Amino acid sequence: MPAPVAVARGLNLHLKSGGQPLHILKDVSLELSPGEVTAVVGPSGSGKTSLLMVLSGLEQATAGSVTIDGTEITGMNEDKLAIFRRKSLGILFQNFHLIPSLTALENVALTLEIADPAMPWKAVRDRAAQALADVGLAQRTGHLPSALSGGEQQRVGLARAMVGGPKLLLADEPTGNLDQETGAHVIELMFKLARDRGTSILLITHDPGLAKKADRQLRMNEGHLSAMAAA
């Protein structure tokens with residue numbers, strides 16, 4: 001069996017809201033395998049996005065450990081985490097977070113330029129163009145986000161998340177701002193890219209139909225993570 005891409009053990013997250021302590025994640029453990037799509041479902045406020053934030057290192061767990069691609073990120077400082085994310089993680093958000101003044105190609109290329117400032121521009125451009133072609137946007141490379149539909153913008157986001165060849169893709173409600181047909185197309189592309197490349201996906205979603213397309217479904221409820229029985 002291949003080694004897991006990500007391993008979380010005993011994650012707990014305590015935060016304060018209005019001066020009151022909140023226990024957000026409660027002894028959460030999971031493993032994510034190469035090429036596997038794992039969907040996490042659950043009500044709002046159950047801790048789904050907090051789990052994603054901890055796995056990405058954007059939030060530090062109060063207790064527990066996270067290991068991604070063989071590297072434990074628990075306790076890493078912000079500079080080391082930023083470097084690690086550039087090389088091993090892709091993140092896809094519900095809100096597209098594209099830079100309005102950059103073209104589709106430039107938005108994707110920026111990820112590579114930040115990850116490897118020494119990479120020649122031709123190599124950056126070619127890889128970014130290929131990433132956009134992989135999501136069906138070969139003819140839209142020179143368009144600004146304002147000239148793209150919502151579905152096209154999210155496909156740019158997907159190209160940006162995948163262009164560096166991440167081991168793990170974290171997707172937080174990636175179809176939340178899209179109509180059903182457009183969202184289904186984006187998900188199909190995302191799953192195909194990840195499975196073809198051996199990238200593990202952790203997908204946060206409220207959509208049970210979307211969750212059923214994943215290889216595995218987990219449920220988050222009041223900070224606890226549990227497996228869902230196969231239908």
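Start with the second largest pocket of this predicted model, whose lining is made up of Thr175, Leu178, Asp179, Gln180, Gly183, Ala184, Ile187, Asp207, Gly209, Leu210 and Lys213. Two helices turn up at least twice each in that list: helix 6, running 180–197, and helix 7, which covers 208–211. Helix 6 is the top contributor here, giving 4 residues to the lining. As for the chemistry of the walls, you get an even 4 nonpolar and 4 polar residues, plus 3 charged ones. The space inside comes to about 170 Å³.

Now hop over to the largest pocket, where the volume is about 520 Å³. Its lining takes in 20 residues, and if you want to find the middle, look for Arg85, Arg86, Leu89, Thr111 and Arg160, which lie nearest the centre. Several elements give two or more residues to this lining: helix 2 (78–88), strand 6 (89–92), helix 3 (104–115) and helix 5 (150–162). Which of them hands over the largest share of the lining? That would be helix 3, with 4 residues.

Sorted by class, the lining of the largest pocket has 10 nonpolar residues, 7 polar ones and 3 charged ones. Keep the central residues in mind as you look at that split: Arg85, Arg86 and Arg160 sit among those nearest the centre of the largest pocket, along with Leu89 and Thr111.

Note on methods. Residues numbered from 1 in each chain as written. Predicted model: local features only at pLDDT ≥ 70, side-chain atom pairs only at ≥ 80, totals over all residues. Heavy atoms only, no water. 1 Å grid on protein atoms, 1.4 Å probe; cavity = no way out; pocket = protein on both sides within 12 Å on 5 of 7 lines; lining within 4 Å. Points joined across faces, edges and corners; volume = space filled by probe spheres on them. Nonpolar A, V, L, I, M, F, W, Y, C, P; charged D, E, K, R; others polar.
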